[in-house]
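Here is a short report for a first look. Keep the sequence and the 3D view open while you read.

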Amino acid sequence: MRRLFPVTDQTATTGSGGGPLGAPGEGGDAAEDREWSLDELAEAYAYPQDRPGAPRPWLRANMVSTLDGAAQHDGRSQPISTAADMRIFGTLRGLADVVVVGAETVRLEGYRPARARAEFAARRAAAGQAPAPAVAVVTAGLDLDFSLPLFTSPLVPTLILTGAAAAPDRVAAAEKAGVRVVIAGDGMGVEPARAVQALGALGHTRLLTEGGPRLLGQFVAAGALDELCLTVAPMLTAGDAQRIAGGPSVAVPQRFALASLLEEEGFLFGRYRRP
Ligand SMILES: NC(=O)c1ccc[n+]([C@@H]2O[C@H](COP(=O)([O-])OP(=O)(O)OC[C@H]3O[C@@H](n4cnc5c(N)ncnc54)[C@H](OP(=O)(O)O)[C@@H]3O)[C@@H](O)[C@H]2O)c1
């Protein structure tokens, strides 16, 4: 893993690390190609702390795409991922209060509860976070198997985000399994901005969405996304796979700013923020 951007004079000439977005720890060399520790990755991906006013939720997405824009292969993202991508995936979870995910991704990827990992324990405790992030599943139909470990045995209770018109028997089934059902829309569905607000009201300010594309597209369209952590896999798949964000397009393309860029074995790990 090496850092390609931002490149500071310091990095280029002395390799001493540093830089505005956090770089490898003391004595580390951001430009040198070596495996970064999870601690170094956690520094590099820290949520912004110096925001003025009352802390409002910060919504970050983490997605992987091939060179030709595919967000999955054979219905999964694993074939287009790699070990370094999974380390960053784990790091982003290690930093988050809650992981927001669409129900189809939960069904297709067989989501399990987030683990408490020793590498992030001290950092989480210092930040006042639970040992692991909660998982919040966005669903209108609540067509989910509530006997799965994601719902019955998480470290932190799993949340369901749904609309006020959700089927009462499905809501009851979720609650019986120990799930907390949060209403974030007036109809069947969730309104993306309301979901962010509702999670903030529960004390969750470090939000991470892992998609899928249909959910991410709605966060984008609502102007609710603050940051995109995008892995570009050096692969071509052709075909008709979804892109990382779907749904109706926005009227004017939203401009994001590149905040950092890491590389390992040809995979690019970009971090883009709303300017
Ligand atoms: N490349 C990546 O980084 C990445 C990341 C994640 C997933 N994926 C891939 O993406 C695919 C799945 O993604 P997807 O886009 O099809 O589905 P998705 O966004 O994960 O989930 C869609 C489902 O979420 C629920 N939902 C979405 N918006 C809602 C709203 N406003 N209100 C209420 N419920 C809402 C609905 O669930 P109900 O049907 O239950 O009502 C809907 O069917 C998989 O192939 C997965 O491997 C790739």
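Of the 30 residues around the ligand, which come nearest? They are Gly102, Glu104, Gly189, Gly211 and Gly212. Keep in mind that this is a predicted model.

## Around the ligand

Three elements give two or more residues to the shell around the ligand. They are strand E2 (58-66), helix H4 (103-109) and helix H9 (213-221). H4 gives the most, with 5 residues.

What is the make-up of this shell by residue class? Its residues divide into 13 polar, 11 nonpolar and 6 charged.

## The annotated domain

The UniProt record, an unreviewed entry, carries the annotation "domain: Bacterial bifunctional deaminase-reductase C-terminal". According to that record, the domain covers residues 57-251.

In the model, this stretch of the chain is 31% helix and 19% strand. The C-alpha atoms at the ends of residues 57-251 lie 25 Å apart.

## The sheet

Now to the strands. The model has an open sheet of 10 strands with mixed pairing. Follow them across in this order: E1-E9-E10-E8-E2-E7-E3-E4-E5-E6. Strand E1 (2-5) and strand E6 (180-183) are the edge strands, and each pairs on one side only. On average, neighbouring strands of this sheet are turned by 25 degrees against each other, direction ignored.

Look closer at one pair. Strand E9 (residues 257-264) and strand E10 (residues 267-273) run antiparallel. They are joined by 7 bridges. Which residue in E10 is the bridge partner of Glu263? That partner is Leu268.

Note on methods: Residues numbered from 1 in each chain as written. Predicted model: local features only at pLDDT ≥ 70, side-chain atom pairs only at ≥ 80, totals over all residues. Near = placed C-beta within 6 Å. Helix = DSSP H or I, 4+ residues; strand = E, 2+ residues; numbered from the N terminus. Nonpolar A, V, L, I, M, F, W, Y, C, P; charged D, E, K, R; others polar. UniProt positions renumbered as here; feature names shortened; annotations may be inferred. Pairing = 2+ DSSP bridges. Axes fitted to C-alpha atoms, helices over the stretch in contact; angles between N-to-C directions.
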